[in-house]
Amino acid sequence: MNIRNIKFDSFLGVSSSNGFYGYFQLLENDPDMYLYLLKSGPGCGKSTLMREIASTALEDNQIVEQIHCSSDPESLDGVILWDKKIAILDATSPHSVEPVTPGMMQEVVSMYHTIDKEELEVNKKELIYQAKRYKYYHRQSGSSLANAANLLKDNLHTAGIFYDDDKISNYANELAKKLIAVKDDRSAGHKYSRFLSAITPRGIICYDDSIRALAEQIYIIEDEYGICSNSIIKTICSYAINAGYDVFCCGFPLLPEEKTDFLIIPDLSLAFVASNSWYKLNFSEQNVIKYQDFIDKELFEQVKSQLEFNQDIAKQIAEQSIRLQQQAMKSHDKMEEYYFPAVDFDEVKRIKNNLIKEIFE
């Protein structure tokens with residue numbers, strides 16, 4: 001896969017209507033990727049270790065994907081070194097990954113021995129309390145997101161009443177044929193599942209810079225209710241893969257199984273992006289597709305007020321979820337405070353240096 005920029009950002013898992021929803025297992029099953037699986041507690045240096053490995057790769061002009069934690073976007077859940085086909089992951093809950101073929105495709109890097117158990121014992125009761133509090137608020141946040149998702153799912157079903165499915169399908173297929181030349185060997189490409197957006201304690205985040213990093217030609221699909229963007233993106237995604245191209249396919253975090261909002265084809269420097277009030281996107285050189293071109297306007301006017309109502313309430317509920325995640329983050333930060341003095345960071349540094357030597361020398 002030809003990636004033209006040396007750094008881009010993504011999420012591999014997000015808070016969704018079904019709790020934590022991630023693609024860590026898909027990465028685990030990628031036969032071309034070797035995984036280093038980091039195991040340790042909160043605040044024990046996993047994210048810092050991965051940042052330093054990423055910095056080392058970037059200094060060497062290697063292509064790096066930084067995978068952020070949706071529960072704290074300033075922290076990392078992983079780093080992928082694309083030139084080396086190596087991924088370093090935080091393999092602990094809620095995205096636990098265990099080796100299937102250890103030593104061949106995956107390798108556990110345990111850092112548990114860096115933790116002084118006696119030091120932790122001093123704050124045992126408080127740690128247990130904060131862990132329970134953290135789980136409680138995340139569970140409440142997930143319940144809120146489920147309520148918001150039900151409203152948006154209703155909008156998707158309602159949209160089926162007034163859009164012309166055949167017109168959308170024909171348009172998407174013609175656009176795909178125009179933009180995507182079929183490779184001679186006809187071997188299928190690979191689909192890399194990611195999220196470029198997430199509902200986080202710091203609000204709704206969208207890594208639109210990653211789109212700029214991977215694509216110069218960008219098609220914006222202005223589509224507030226998911227009327228046509230989902231069908232267009234999924235049709236073009238399937239066409240591109242069958243034509244032999246690797247793609248990044250990125251779901252909408254509230255409805256990851258029902259709605260795809262971003263498609264990037266790095267080899268063609270081409271992207272298709274759904275733009276709506278959840279994240280309004282603008283690029284200097286963009287082509288615009290409008291949902292109004294595919295609808296029965298008379299039918300749309302009859303249901304528009306219901307669509308707007310569902311959308312507005314879903315956003316209010318999402319804001320509630322963000323506040324709940326902020327409470328969960330406070331508990332996680334408190335847990336890190338208790339772990340920090342119990343960690344032998346000289347040993348963590350030794351582990352990091354050994355990893356860098358193993359990966360880069």
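**Exercise 1. Aromatic pairs**

Task: State how many aromatic pairs the structure holds, then classify the pair of phenylalanine 8 and phenylalanine 248.

Solution.
- Step 1. The count for the structure is 20 aromatic pairs. The model is a predicted one.
- Step 2. A pair of aromatic rings is described by two things, the distance of the centres and the angle of the planes.
- Step 3. For phenylalanine 8 and phenylalanine 248, the centres are 5.7 Å apart and the planes stand at 70°. Planes over 60 degrees apart count as edge-to-face. The pair is therefore edge-to-face.
- Step 4. Now place the partners. Phenylalanine 8 belongs to strand β1 (residues 7-11) and phenylalanine 248 to strand β13 (residues 247-251), so the pair ties together parts 240 residues apart in sequence.
- Step 5. Phenylalanine 8 and phenylalanine 248 are both buried.
- Step 6. Look for further rings. Phe8 and Phe248 belong to one aromatic cluster with Trp82 and Tyr192.

**Exercise 2. A second pair and its surroundings**

Task: Classify the pair of phenylalanine 252 and tyrosine 279, and decide whether each residue is buried or exposed.

Solution.
- Step 1. The ring centres of phenylalanine 252 and tyrosine 279 are 6.5 Å apart, and the planes make an angle of 65°, so this pair is edge-to-face.
- Step 2. Phenylalanine 252 sits in the loop between β13 and β14 (260-265), and tyrosine 279 in the loop between β15 (270-275) and β16 (286-290). The pair therefore ties together parts 27 residues apart in sequence.
- Step 3. Buried means under 20% relative accessible area. Phenylalanine 252 has 4% relative accessibility, so it counts as buried. Tyrosine 279 has 6%, so it counts as buried too.
- Step 4. Add the charge. The charged end of lysine 259 sits over the ring of phenylalanine 252, 4.9 Å from the ring centre.
- Step 5. Another lysine is placed over a ring. The charged end of lysine 183 sits over tyrosine 245, at 4.7 Å from the centre of that ring.

**Exercise 3. Two helix contacts**

Task: Work out how α4 and α8 are oriented, then do so for α5 and α7.

Solution.
- Step 1. Helix α4 covers residues 124-162 and helix α8 residues 297-339. Their axes come within 8 Å and cross at roughly 165°.
- Step 2. Angles over 145 degrees count as roughly antiparallel. α4 is therefore roughly antiparallel to α8.
- Step 3. The crossing of α4 with α8 is left-handed.
- Step 4. The residues of this α4 and α8 contact divide into 22 nonpolar, 17 polar and five charged.
- Step 5. Turn to helix α5 (residues 165-179) and helix α7 (residues 229-242). Their axes are 9 Å apart, and the packing angle is about 40°.
- Step 6. An angle of about 40° is neither under 35 degrees nor in the range 65 to 115, so α5 and α7 are oblique to each other.
- Step 7. α5 passes α7 in a right-handed crossing.

**Exercise 4. Backbone geometry**

Task: Find where the cis peptide bond lies, and place asparagine 61 and serine 269, which have positive phi.

Solution.
- Step 1. Serine 93 and proline 94 are joined by a cis peptide bond, with omega about 10°. Proline 94 is in the loop between β7 (86-90) and β8 (106-110).
- Step 2. Asparagine 61 has phi near 60°, a positive value in a residue other than glycine. Its place is the loop between α2 (46-59) and β5 (64-69).
- Step 3. Exposed means over 50% relative accessible area. Asparagine 61 has 60%, so it is exposed.
- Step 4. Serine 269 is not a glycine either, and its phi is positive at about 50°. Serine 269 is in the loop between β14 and β15.
- Step 5. The relative accessible area of serine 269 is 12%, so this residue is buried.

**Exercise 5. Sequence and space**

Task: How far apart are two given pairs of C-alpha atoms, asparagine 287 with glutamate 119 and isoleucine 218 with alanine 172?

Solution.
- Step 1. Asparagine 287 lies in strand β16. At 30% relative accessibility, it counts as partly exposed.
- Step 2. Asparagine 287 and glutamate 119 are 168 residues apart along the chain, and their C-alpha atoms are separated by 58 Å.
- Step 3. Isoleucine 218 lies in strand β12 (residues 217-222). Its relative accessible area is 3%, so isoleucine 218 is buried.
- Step 4. Isoleucine 218 and alanine 172 are 46 residues apart in sequence, and 15 Å apart from C-alpha to C-alpha.

Note on methods
Residues numbered from 1 in each chain as written. Predicted model: local features only at pLDDT ≥ 70, side-chain atom pairs only at ≥ 80, totals over all residues. Heavy atoms only, no water. Axes fitted to C-alpha atoms, helices over the stretch in contact; angles between N-to-C directions. Helix = DSSP H or I, 4+ residues; strand = E, 2+ residues; numbered from the N terminus. Left-handed = near helix turned anticlockwise from the far one by under 90°. Nonpolar A, V, L, I, M, F, W, Y, C, P; charged D, E, K, R; others polar. Phe/Tyr/Trp six-rings, centres within 6.5 Å; stacked < 30°, edge-to-face > 60°. Buried < 20%, exposed > 50% of the residue type's maximum accessible area, 1.4 Å probe, protein only. Lys NZ or Arg CZ within 6 Å of the ring centre and 35° of its normal.
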